[in-house]
Amino acid sequence: MKVRIEILTEKKLIGKHITMSFVDNKTFQLWSSFMPVRKEIKSSIDSNLYSLEVFPVEYFDHFNPKNTFEKWAAIEVSDFDEIPSVTEALIIPSGMYAVFIHKGPATEADKTCHFIFTEWLPDSEYNVDDRPHFAVMAETYKKDDPDSEEEIWIPVKNKV
């Protein structure tokens, strides 16, 4: 699997979030509540959807699939001038990211993540950084289609 390293400039997002764990996955519930209200967000810059995880500091140092984190469903916006009442603002800070392309149904994204965290990351010159992890679902994203594609962005920093 190919990886590219990118320096991300700050992104402004508006969306909804829920607290969940990998064991108590509430992703479907989150997206079901977000999709009907996304059209109310007036300052969107494109049609891409963002699925984010905001993990507590050192979450991966003692990984437990029962530990909770924030899961977001969002879109990128140009400004925060108008935020619909049922949504919230989130900023992804600038920083270095490792970017992977997941090809295949969304239900198999765990295989890509397993590769990233158990094979690529340990052999790389990077550690996970404490910034949001996210997936970008553009026009090539087709959920359960075997030809679907999405970008998975993992925040990284150089090993010291």
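Which residues does Asn67 touch, not counting residues up to four places away in sequence? That is the starting point for these close-up views of a predicted model.

**View 1. Asn67 and its neighbours in the loop between β3 and β4.** Not counting residues up to four places away in sequence, Asn67 touches Met20, Ser21, Phe22, Tyr59 and His62. With a relative accessibility of 31%, Asn67 counts as partly exposed. For a sense of scale, look for Trp31: the two residues are 36 apart in sequence, and their C-alpha atoms are 21 Å apart in space. The loop between β3 and β4 also holds Glu58. The phi angle of Glu58 is near 65°, a positive value in a residue other than glycine.

**View 2. The largest pocket and its lining of 35 residues.** Here we look into a space of about 1200 Å³. Lying nearest the centre of this pocket are Thr27, Glu53, Lys71, Ala106 and Ala109. Several elements each supply at least two lining residues: α1 (27-34), β3 (49-54), α2 (109-123), β8 (133-137) and β9 (149-158). The largest share belongs to α2, which brings six residues to the lining. By residue type, the lining of the largest pocket divides into 21 nonpolar, eight polar and six charged residues.

**View 3. Strand β3 with its two partners, β8 and β4.** Follow β3 along its length and you meet β8, paired with β3 in the antiparallel sense over five bridges. Strand β4 (residues 68-77) also runs antiparallel to β3, and five bridges join them. Glu53 is a handy landmark in this view: its bridge partner in β8 is His133, and in β4 it stands opposite Lys71. Both Glu53 and Lys71 are also among the residues nearest the centre of the largest pocket. Why is β3 described as largely enclosed by the rest of the structure? Five of its six residues are buried, so the surrounding structure covers most of the strand.

**View 4. The second largest pocket, with a volume of about 200 Å³.** Its lining includes Phe55, Pro56, Glu58, Tyr59, Phe60 and Asp61. Further along the chain, Val128, Asp129, Asp130, Arg131, His133 and Lys157 also line this pocket. The lining of the second largest pocket divides into five nonpolar residues, one polar and six charged. You have already met some of these residues: Tyr59 is touched by Asn67, and His133 is the bridge partner of Glu53.

**View 5. The largest nonpolar core, made of 16 residues.** In soluble globular proteins, nonpolar side chains tend to be buried together. The members of this core that touch the most others are Trp31, Phe34, Ile41, Leu49, Phe69, Ala73 and Ile75. Two or more residues come from each of β2 (11-21), α1 and β4. Of these, β4 gives the most, with four residues. Apart from this core lies another, of 13 residues, including Tyr50, Leu90, Ile92 and Val136. To explore the surroundings of one core member, pick Ile41: leaving out residues up to four places away in sequence, its contacts are Ile14, Phe34, Ile75, Val77, Pro84 and Thr87.

**View 6. Strand β9 and the strands that pair with it.** Seven bridges join β9 to strand β6 (residues 95-103), and the two run antiparallel. Three bridges link β9 to strand β7 (residues 126-128), again antiparallel. Three bridges also join β8 to β9 in the antiparallel sense. Ile152 makes a good place to pause, as the bridge partner of Phe100 and also of Ala135. Elsewhere on β9, Lys157 stands opposite Asn127.

**View 7. Ser148 and Tyr141 in the loop between β8 and β9.** Which of these residues is buried, and which is partly exposed? Ser148 is buried, with a relative accessible area of 1%, whereas Tyr141 is partly exposed at 23%. Not counting residues up to four places away in sequence, Ser148 touches His102, Lys103, Gly104, Thr140, Tyr141, Lys142 and Lys143. On the same basis, Tyr141 touches Ala106, Ser148, Glu149 and Glu150. Look also for Asn48, which is 93 residues from Tyr141 along the chain, with 9.3 Å separating their C-alpha atoms.

Methods: Residues numbered from 1 in each chain as written. Predicted model: local features only at pLDDT ≥ 70, side-chain atom pairs only at ≥ 80, totals over all residues. Heavy atoms only, no water. 1 Å grid on protein atoms, 1.4 Å probe; cavity = no way out; pocket = protein on both sides within 12 Å on 5 of 7 lines; lining within 4 Å. Points joined across faces, edges and corners; volume = space filled by probe spheres on them. Nonpolar A, V, L, I, M, F, W, Y, C, P; charged D, E, K, R; others polar. Buried < 20%, exposed > 50% of the residue type's maximum accessible area, 1.4 Å probe, protein only. Pairing = 2+ DSSP bridges. Core = buried A, V, L, I, M, F, W, Y, C linked by side-chain atoms within 4.5 Å. Contact = heavy atoms within 4.5 Å.
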